[in-house]
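Open the model in your viewer and keep the selection tool at hand. This tour goes from the whole chain to single residues.

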Amino acid sequence: STRTSPLVALENVQHFSAEGLCMLLESVSGFAVHKDFRLEMVPEKSTAVVILLKSIDAEEFVKFCAESNRLTKFKITAKLLEETHSIKAENIPGGVSTDHVTVNFENVSNGGGRVVDVQLLPEGRSAIATFCSPKAAS
């Protein structure tokens, strides 16, 4: 079974700055930014990721967002994010091998874990690393 993480995606947030969206969430939820949640904007997807910091139930948060007249007025939708086994690393120097990236991500002193796959994306100077465990990807 897939476990959910304390992450919620808010979609259709292209008309908001991070600060404006945090203020909206604080006003409709009663939660405080930095204390109860953090927010990371993903502008290329018109999405923001809400990182729930306390024992706030992510499913309840999604339900609350769906029932919020203020959020639905702005056509903002919320959905649960599943734990991931993969991360995207950016600013990878050109000519770096998959072995080099793998060794870097498996380095325990960097907080790494066992890597099962690395895909280099040279056009974006980035790589996708897939770990055995979702904990290593976090």
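The stops below start with the overall view and then move inward.

**Stop 1: the whole chain**

Show everything as a cartoon. Keep in mind that this is a predicted model. The protein chain has 138 residues, and buried residues make up 33% of them. Color by secondary structure and you should find five helices and seven strands. Trace the cartoon from the N terminus: the order of elements is β-α-β-β-α-α-β-β-α-β-β-α.

Now turn the view along the principal axes. The C-alpha atoms fill a box of roughly 50 × 30 × 25 Å. Switch on the surface. Its accessible area is about 8,900 Å², and carbon and sulfur atoms supply 50% of that. Next, select the charged side chains. There are 14 positive and 17 negative ones, and the centres of the two sets lie 4 Å apart.

**Stop 2: two domains**

Give residues 7–80 one color and residues 86–136 another. These ranges are domain 1 and domain 2 in the domain assignment. Over C-alpha atoms, the domain centres are separated by 29 Å. How much of the contact set with a separation of 6 or more joins residues 24 or more positions apart? The share is 55%.

**Stop 3: strand β3**

Select residues 47–52, which form strand β3. Six of the six residues are buried, so the strand is largely enclosed by the rest of the structure. In a regular strand, side chains alternate between the two faces of the sheet. Show sticks and check each side in turn. Thr47, Val49 and Ile51 sit on one side of β3. Ala48, Val50 and Leu52 sit on the other. Both faces are covered.

**Stop 4: the hairpin with β2**

Add residues 37–42, strand β2. Strands β2 and β3 run antiparallel, joined by six bridges. Where the strands meet the turn, valine 42 stands opposite threonine 47.

Four residues lie between the two strands of this hairpin. Pick serine 46 in that loop. What is notable about phi here? Phi of serine 46 is positive, near 50°, in a residue other than glycine. Serine 46 is partly exposed because its relative accessible area is 25%, between the 20% and 50% cut-offs.

**Stop 5: valine 8**

Go to strand β1, residues 4–11, and select valine 8. Is valine 8 buried or exposed? It counts as buried, because its relative accessibility is 0% and buried means under 20%.

Now display the contacts of valine 8, leaving out residues up to four places away in sequence. From strand β3, the side you have just visited, look for Ala48, Val49, Val50 and Leu52. Further along the chain, valine 8 touches Ala58, Phe61 and Val62. The list also takes in Ala78, Lys79, Leu80 and Leu81. Then draw a distance from valine 8 to alanine 32. They are 24 residues apart along the chain, and their C-alpha atoms are separated by 16 Å.

**Stop 6: asparagine 91**

Finish in the loop between β5 (86–90) and α4 (98–106), where asparagine 91 lies. Phi of asparagine 91 is near 60°, again a positive value in a residue other than glycine. Is asparagine 91 buried or exposed? Asparagine 91 counts as exposed, because its relative accessibility is 60% and exposed means over 50%.

Notes. Residues are numbered from 1 along each chain as its sequence is written. This is a predicted model: local features need pLDDT of at least 70, side-chain atom pairs count only at pLDDT 80 or more; totals for chains, interfaces and linings use all residues. Side-chain values use heavy atoms; hydrogens and water are left out. Buried means under 20% relative accessible area, exposed over 50%, partly exposed in between (1.4 Å probe, protein chains only). Contact means heavy atoms within 4.5 Å. Domain bounds come from an automatic or database domain assignment. Accessible areas come from the Shrake-Rupley method with a 1.4 Å probe; for residues, only the protein chains shown count as cover. Lys and Arg count as positive and Asp and Glu as negative; His and the chain ends are not counted. The place of a charge is taken as NZ of Lys, CZ of Arg, CG of Asp or CD of Glu. Two strands pair if DSSP finds at least two bridges between them.
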